[in-house]
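I opened the notebook for a pass through one model. I wanted to look up some helices, a few single residues and the confidence values.

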Amino acid sequence: MAEEFSTDSMLDMYLFENRQLLENLDGIVLEKQNADRFDEDDVNSIFRVMHTIKGSSGIMMYDNITHVSHKLEDIFYYIRESQPDHLDHKELVSIVLDVSGFITEEFDKIEDGNDPDGDNSSLMQVMDDFLSNMKNHIESSGEALPQENVYIEPSQFYIAPMATANSKFFKILIRYREDTLMCNIRAYNTVYALKDVAEDLLYTPEDILGDEKSAEIILEDGFAMLLQTQSSKEEVHKLVDNCPDILQIDIDECDAMTFAKGFDAKKEDEPIRIDLESSVEEIQTKARLEKEQETTQKQEDAVEAGDYVVKEKTPGRKQTLAKHQKKEKQQKQSYISVNIAKMDALMDLVGELVIAQSGVLQNPDLQVPGLELSNFQKAARQMMKFSSELQDVIMSMRLMPLTNTFQKMNRIVFDVSRKLGKEIELEIIGEETEVDKKIIENISDPLMHLIRNSVDHGIEMPQDRVAAGKPAKGKITLEAFNESGKVFIVVRDDGKGLDSDAIYKKAKKNELIPDGKHRSDFTDKELYQYITYPGFSTKESVTEYSGRGVGMDVVVKNIQNIGGRLEIDSKKGAGSTMTLKIPLTLAIIEGIVVKLGTSMFVIETSNIQEFIKRKDCKIVKEPSGEEYAVVRDEYYPVVRLENKYHLDVSDDEKHVVVILEHEGQRIAVFVEKLIGQQEIVVKPIPSYIPKVEGLSGCTQLGDGSIALILDVAGLKS
C-alpha cells in the first residue's frame, strides 16, 4: 500500500483530526468518571472514536497505535453487544485514559519526526485481562458471546461477485457535513466495514486513497456505492453508520439489472413502463409526455441569474423563490483548517500595515502651515477605519476558547489524585473565554504545574480533611474571565493553604531574606512570593510531582514572557488562590506615546489613571531619598525614569505627571511631552540585549524611530 499512495500529505490532517477525537474521548470519560457506568451513547461514541483512529492509523501504517486502539474498540464492542452488568467502571475509565495517554505520546513522537515506537505490551495485557474477565462474566451469566471483532490489516482490495439466490442489491449514498475533513478516509473506512458482508461492491470515486481530489468530490457529491450482499437493509445501515460526521445515509434496494448497469446507467436508456394492452397512439403519447416532462425539469434546474421561479406551494408552507433557496444554501457556514504559521505571518503583515499607516499620517511633509488637507484627511479616516476592522477580524481569527486547555486539567486532576489516593473534584468556570492562540500555548504548562501543586501540596488526604472538619473530597476551581483588556485565570483550592511562617523560615535558611529584615517586616502576601524563587520548596520529601523546588520559578518566567503576572493569596487551613493575569493578545495594544529627553516611551492606555500638570502636584522627599507625589492629599511613590535609564532631561517644573496603576497599586512618573494616543505593534526586545527592568518590548513609530514600551509592573517592583 505504501507504493500506491504517499502518506506525507495526509500526516498533518491525521494528527489534527485524531487529536480532536482524543480530546472528545477524554471529555466523555472524565464527565462520567464518577458515574456507575457509561450510557449507550457514550459506549457508541467511544467505540466510533477508537474505530476511526484504528482505521486511519492502519492506513498510515502505525501498527503500534492501530493495535492499542483496536483492543479498546474490542472492549467497547463487547460492552455494546452484550451490555454486561458487573463492570468495574473505575478500572474501565482508567484503561480508556491510559490508552488516550499512550496514543497522545505516540502522536507527539510523530509530530517531532520520530517513529511511534512506545512499548504497548503492559497496556495490551491490562486490556486483555479486562476483556477476558468480561467475557467470562458474560458466559457465566448464561449469555452467548457476540461474534469476534476480528481485525484485518487494511489494504486495497477487490471483492469478487458471488451472487446467490439470497443476494440483495442496494444503492447507497452517504453525505458528510460541510466541515468534515478527510472524507476519503471516512469513505475508505466504510468500504472496509462492508468487506465481510459484501458479495460484490462498487464505489465512486474509485481511487479514494491515491487521488487527493477524491475528498473534495465526496464532500460535494457524496460517496456512492453499489452493494451486493445477503445482509438486510438494517444491517447494512448499521455498518455504514460508523462516523459522527455523516449527515445523511440513503439506502435503496434495487434489482440485479440496475446493479449490473453500475454508475453509468443513463436515464434515456430506461424502458418506458407501459400496459401490454395499450395502443400504439397511447404508447407514443406516453413517450411524448415523459419527454416533455424531462425537458421542463431541465429548464427549471437551469434557472438563470435574475430569474425568479415560484415553486408549487405545498400545504402548510409559504411560497419560496427558487433563487432565494439557492442563495440560502450558498450562505451556509463552513470552516477550513489553517496552519498557525500562516496566521502569525498574516498578523505580522497587519502590524507592518499599522506602522506604515502611522508613517503616512505622521509624515513631516504634511506639517506645512496652511496646507489644505481636507481630502487627504477624509481618505485617511477611511483607511484607518478599514485598518482597524482588519485588525479586529485577524484578532478574532487568532482567538480560541480555553475549553481544550481546561479539559486537559481535568485529566491531570484525575491521574494525580488517583495515584496519591486523594478524592478531588475539579470545577471549571468560564472555559468559553477566548484568548490569543500564542498565549494559550504559553500558559498550558504553567497552568498544568499550578493544578498539580494544588492536588499534591494543597489538598489534604481524606482522613486529614475529615479530622479538620472538612469534606473528605477536596475541591479545585479553575476559572477564567476577561476584565480591562486582560484575561484572569484563577486556580483555587480548599486545601491546607500556605504557611507564611514556614515560608519565612525556609527563605531565611536559603539566605533569601535581606539582613536586618524580620518576620514582622513582611506581609503574608509578600512572603508567598518566595515560593516562586528558584530552588525554593517547603516540602520535606520529594514526590513524583513536587518537592524538588523546580517549577514555580519556571511558571513565573513563562507568564512574564507573555507580559503576565502571577498573584498568590492564601489562608492557612482554608486553601490557596493562584491568579494568572495575562494580556488578551500579544500583537497590538492601545498606548500613549510620551517623550522624555531624547527617548520615546509607550504606556499602555489601561494602566494610565490620569495626567496632572507639574504645578498642580507637590513633591515630598523622605530622608531615605524616596519621593512621593501628593495629589489631592493622596501620596504616590515617584519613579524617576531619567535616573532609571540614565537620561538627560530639562527642568521637571515643565513636566507632566502621569499616574499609573497596576494591581491596585499606583505610582507617578514624570514625562516632558505627551505625543498622542495610537495603536502600537508590540515587538520583543532583541535577545542579545539584556533584560531591562520596567521594559516589556518596543515598537516602531510612524517616523521610523523606536519607542520602548513601559512595563508598569516592573517599574513599581
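I looked at G421 first and found a positive phi of about 75° there, just after helix α14. This is a predicted model.

I then went back along α14 itself, which covers residues 403–420 and has 18 residues. From first C-alpha to last I noted 26 Å, close to the 26 Å expected at 1.5 Å a residue. Which residues of α14 are buried? I listed T405, F406, M409, N410, R411, I412, V413, F414, D415, V416 and S417.

I ran the length check on helix α12, residues 340–361. Its 22 residues should span 32 Å at 1.5 Å a residue, and the end C-alpha atoms are 32 Å apart, so the two figures agree. For burial in α12 I wrote down M343, M347, V350, G351, V354, I355, Q357, S358 and G359. I kept a general point beside these lists: an α-helix has 3.6 residues a turn, so residues three or four places apart point the same way.

Next I took up a helix pair, α15 (residues 437–458) and α19 (residues 552–561). I found that their axes come within 9 Å and cross at roughly 150°. An angle over 145 degrees counts as roughly antiparallel, so I entered α15 as roughly antiparallel to α19. The crossing is left-handed. Which residues meet there? On the α15 side I have N442, P446, H449, L450 and N453, and on the α19 side M552, V555, N558 and I559.

I looked up two single residues. Q83 sits in the loop between α3 (63–82) and α4 (89–111). Leaving out residues up to four places away in sequence, I found that Q83 touches R37 and Y78. I also noted V43, which is 40 residues from Q83 in sequence and 9.8 Å from Q83 in space, C-alpha to C-alpha.

D200 is in strand β2, residues 198–204. Is D200 buried or exposed? Its relative accessibility is 7%, and buried means under 20%, so I entered D200 as buried. S167 is 33 residues from D200 in sequence, with 10.0 Å between the C-alpha atoms.

I closed with confidence. The protein chain averages a pLDDT of 77, and 81% of the residues score at least 70. Over residues 266–280 the pLDDT is below 50, and I noted eight contacts in the model for this stretch beyond near neighbours in sequence. Residues 1–7 also stay under 50, with 14 contacts beyond four places in sequence.

Key:
Residues numbered from 1 in each chain as written. Predicted model: local features only at pLDDT ≥ 70, side-chain atom pairs only at ≥ 80, totals over all residues. Heavy atoms only, no water. Helix = DSSP H or I, 4+ residues; strand = E, 2+ residues; numbered from the N terminus. Expected span 1.5 Å × (residues − 1). Buried < 20%, exposed > 50% of the residue type's maximum accessible area, 1.4 Å probe, protein only. Contact = heavy atoms within 4.5 Å. pLDDT = per-residue confidence, 0-100. Axes fitted to C-alpha atoms, helices over the stretch in contact; angles between N-to-C directions. Parallel < 35°, antiparallel > 145°, perpendicular 65-115°, else oblique. Left-handed = near helix turned anticlockwise from the far one by under 90°.
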